[in-house]
Amino acid sequence: MTYIVNDACIRCKYMDCVEVCPVDCFYEGENMLVIHPDECIDCGVCEPECPVEAIKPDTVPGVEKWLALNAEYSKIWPNITVKRDAPADAKEWEGKPGKEAEFSANPGKGD
Ligand code: SF4
Ligand code: F3S
């Protein structure tokens, strides 16, 4: 199994998750992060760190699409291990429906 990041992260991108990962397996897109499924050791410590509950084990129902997206973009986006500031309007996007339409395939800056 692995953990994955879902659409709740889009445009929130709080990055609290990256600081706790023991194997540095988060990768940064322009407006969300993903987890590399083959690098994640399933420790689960990142899950409670995310203030918008965007991190889930891939054993919960309905995450197949996000598992595929995490697998795809973790191969091409840069690695991120150091937290930076969240987007200025992150709070406004918390829990909003339809955030999937806001997904950007562009890479983030990484570190
Ligand atoms: Fe990293 Fe553990 Fe979260 Fe996997 S479950 S992404 S290894 S902190
Ligand atoms: Fe996203 Fe939550 Fe991490 S909003 S960047 S998964 S702390």
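# A guided tour of the predicted model

Select Phe103 to begin; this residue lies in the segment after helix 1. The structure on display is a predicted model. At 22% relative accessibility, Phe103 is classed as partly exposed, because a residue must fall under 20% to count as buried. Display its surroundings next: apart from neighbours within four places in sequence, Phe103 is in contact with Ile10, Asn31, Met32, Leu69, Tyr73 and Trp77. Then add Asp7 to the selection. Although 96 residues separate Phe103 and Asp7 in sequence, their C-alpha atoms are 7.9 Å apart in space.

**Trp93**

Move now to Trp93, which is also found in the segment after helix 1. With a relative accessible area of 13%, Trp93 is buried. Its side chain forms a polar contact of 3.3 Å with the side chain of Asp89. Beyond the residues within four places in sequence, Trp93 is in contact with Ile10, Arg11, Cys12, Lys99 and Glu102. Ile10 may be kept selected for a moment, as it appears in the contact lists of both Phe103 and Trp93. For a longer view, select Met1 together with Trp93: the two are 92 residues apart in sequence, and 29 Å lies between their C-alpha atoms.

**Asn70 in the helix**

Select residues 64-73 to show helix 1, in which Asn70 is found. Is Asn70 buried or exposed? Its relative accessibility is 0%, so Asn70 counts as buried. Within the helix, look for the backbone oxygen of Trp66, which lies 2.7 Å from a polar atom of the Asn70 side chain. Contacts made by Asn70 with residues over four places away in sequence include Ile4, Val5, Val34, Ile35 and Pro37.

**His36 in the loop**

From there, proceed to the loop between strand 3 (33-35) and strand 4 (55-57), where His36 lies. His36 has a relative accessible area of 12% and is therefore buried. Which residues does His36 touch, not counting those up to four places away in sequence? They are Thr2, Cys25, Tyr27 and Ser74.

**The two ligands**

Select ligand 1 and display the residues around it. The shell holds 13 residues, and Cys21, Cys40, Cys43, Gly44 and Cys46 are the closest. By class, the shell of ligand 1 consists of 12 nonpolar residues and 1 polar residue, with no charged residue.

Turn next to ligand 2, which has 13 residues around it; those that come nearest are Cys9, Tyr14, Met15, Cys17 and Cys50. Here the shell comprises 11 nonpolar and 2 charged residues, and no polar residue.

**The whole chain**

Finally, clear the selection and view the entire protein chain. It has 1 helix and 4 strands, and from the N terminus the elements follow the order β-β-β-β-α. The C-alpha trace spans about 30 × 30 × 25 Å along its principal axes. For 111 residues, a compact globule would have a radius of gyration near 13 Å, so the 12 Å of this chain agrees with that expectation.

Colouring by accessibility shows the balance of interior and surface: 43% of the 111 residues count as buried. The accessible surface of the chain is about 5700 Å², and carbon and sulfur atoms account for 51% of that area. Among contacts with a separation of 6 or more, 79% are between residues 24 or more positions apart. The pair with which the tour began, Phe103 and Asp7, offers a view of two residues distant in sequence, with 7.9 Å between their C-alpha atoms.

How values were computed:
Residues numbered from 1 in each chain as written. Chains lettered and ligands numbered in written order. Predicted model: local features only at pLDDT ≥ 70, side-chain atom pairs only at ≥ 80, totals over all residues. Heavy atoms only, no water. Near = heavy atom within 4 Å. Nonpolar A, V, L, I, M, F, W, Y, C, P; charged D, E, K, R; others polar. Helix = DSSP H or I, 4+ residues; strand = E, 2+ residues; numbered from the N terminus. Buried < 20%, exposed > 50% of the residue type's maximum accessible area, 1.4 Å probe, protein only. Polar contact = N/O pair within 3.5 Å; in protein donor to acceptor, adjacent residues only side chain to side chain. Contact = heavy atoms within 4.5 Å. Rg over C-alpha atoms; globule rule 2.2 N^0.38 Å. Areas by Shrake-Rupley, 256 points an atom, 1.4 Å probe, with all protein chains shown as cover.
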